[in-house]
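Got your viewer open and a selection box ready? Load the model below and follow along, one stop at a time.

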Amino acid sequence: MEEQTKQIDRLKETYGRLKQEISRKIVGQDKVIDKILVSIFSNGHCLLIGVPGLAKTLMVTAVSEVLDLKYNRIQFTPDLMPSDIIGTEILDTSKEFRFIQGPLFANIILADEINRTPPKTQSALLEAMQEREVTAAGTTRRLYQPFFVLATQNPIEQEGTYPLPEAQLDRFMFSVVLDYPALEEEIAIVESTTGQQQPKLEKILSGEDILNYQAVIREIPVPRHITEYAVKLAAKTRPRQPLAHPLANQYLNWGAGPRASQFLISGAKTNAALNGKYAPDIEDVKCVAESILRHRIFKNYKAEAEHIRVEDLIQEFIK
């Protein structure tokens, strides 16, 4: 137990250094960076949703720069095929088949504009996200560890896009919506990006460090009433079920599954550890709830007609 508390203290200090270093390149968006780091230490994936120009890609690149990991960016397009991301077998000069690894063989994957690629390629990515392995030419190959997919999605330009299937959305731990920066933040962004000097970020954590911290977080004890709170919160979103909230019955077609309950607890544990706490409390569950539930509950026509927002419903469920 004493060793675990020391590790959590070290993690809190490292977390502060990570955020400080990232802030040299990214101005503002603290909550978004928090969610990305929580998902990484929870061994989860993160979906970033925002209009063009909000530094989604730059943010992921900055996070990859402070982590001593292999990083690949995949620009998703309508003609992208599964073999383009998984890899393929070729016949080499010695007349033998040799597997050439695709860009999925890295630790951090930036899946840029993930909704621009057809379902066949999205399903190949889904296997990688869930199983941490890919299948090519009848052979299953393990991916590097740790492995994270940080995906971006443009919510306004829907022509020529393929909406992510619910099964794939459910594999993302967080769905994070980016908003426009405040006036002072935007002035700082313009000043820092229109000059000659671009900061080079320092590597702070290795892949082995991340795996060790993930193991420490998994061992954090969770009081039974906290687990019960998280499970009941997820159950409130399920219409026509015994624990359903009245608003869920009124405005939702269906709600979050058990994976949401798992992520609520693992996210709460990570959020607690990053803030130097040795066990999560209800506030930690509430802190991660919106980003975990946002993409797992689906509104009905009545909600659309009355312009009810998913975020407003989640806040009511939390109350």
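What follows is a walk through helices, pockets, cores and a few odd backbone spots.

Before clicking, note that this is a predicted model, where local features need pLDDT of at least 70, side-chain atom pairs count only at pLDDT 80 or more, and totals for chains, interfaces and linings use all residues. Residues are numbered from 1 along each chain as its sequence is written, and side-chain values use heavy atoms, with hydrogens and water left out.

**Stop one: the N-terminal helix**

Select residues 2-22, which make up helix α1. Helices here (H or I, at least four residues) and strands (E, at least two) are DSSP runs, numbered from the N terminus. The 21 residues of α1 should span 30 Å at 1.5 Å a residue, and its end C-alpha atoms are indeed 30 Å apart; the expected span is 1.5 Å times one less than the number of residues.

Now colour its buried positions, among them Q4, I8, L11, Y15, L18 and I22. Buried means under 20% relative accessible area, exposed over 50%, and partly exposed in between, with a 1.4 Å probe and protein chains only. What covers these buried residues? The cover includes α2, α3 (56-66), β2 (67-68), β11 (205-206), α8 (207-218) and α11.

**Stop two: helix α11 and what comes after**

Go to residues 258-274 for α11, which has 17 residues and reaches 25 Å from its first C-alpha to its last, close to the 24 Å expected. This helix is mostly covered, with 13 of its 17 residues buried.

Pick N271 in α11. Is N271 buried or exposed? N271 counts as buried because its relative accessibility is 12%. Leaving out residues up to four places away in sequence, N271 touches V38, D284, C287 and V288, where contact means heavy atoms within 4.5 Å.

Step past the helix end and you meet G276, with a positive phi of about 80°. K277 sits in the loop between α11 and α12 (282-293) and, at 28% relative accessibility, counts as partly exposed. Beyond its neighbours within four places in sequence, K277 is in contact with I8, A272 and D284. Draw a C-alpha to C-alpha distance from K277 to G53 and you get 36 Å, for a separation of 224 residues in sequence.

**Stop three: the largest pocket**

Select I49, Q153, L169, H295 and F298, which lie nearest the centre of the largest pocket among its 21 lining residues. Elements giving two or more residues to that lining are β1 (46-49), α6 (166-169), β10 (174-177), β13 (298-299) and α14 (310-318). The pocket holds about 530 Å³ of space.

For the method: on a 1 Å grid over the protein atoms alone, a pocket is an open set of points where a 1.4 Å probe fits, with protein on both sides within 12 Å along at least five of seven lines, and lining residues have an atom within 4 Å of a point. Grid points are joined across faces, edges and corners, and the volume is the space filled by probe spheres set on them.

How do the lining residues divide? There are ten nonpolar, five polar and six charged. Ala, Val, Leu, Ile, Met, Phe, Trp, Tyr, Cys and Pro count as nonpolar, Asp, Glu, Lys and Arg as charged, and the others, Gly among them, as polar.

While you're in β10, click S175. S175 is buried, with a relative accessible area of 2%, and touches L47, I49, S291, R294 and H295, again not counting residues up to four places away in sequence.

**Stop four: the cores**

Show I36, L67, L233 and L264, which touch the most other members of the 69-residue largest nonpolar core. Such a core is a set of buried Ala, Val, Leu, Ile, Met, Phe, Trp, Tyr and Cys residues joined through side-chain atoms within 4.5 Å. I36 touches C46, L48, M59, V63 and L150, not counting residues up to four places away in sequence. Apart from the largest core lies another, of 28 residues, among them L104, A111, V134 and F147.

**Last stop: backbone oddities**

Zoom to Q145 and P146, joined by a cis peptide bond with omega about -5°. P146 lies in the loop between β8 (139-142) and β9 (148-153).

Next, N43 has a positive phi of about 65° although it is not a glycine. N43 is in the loop between α2 (30-41) and β1. Finish at R240, another non-glycine with positive phi, near 65°, in the loop between α9 (224-236) and α10 (246-251). R240 is exposed, with a relative accessible area of 60%.
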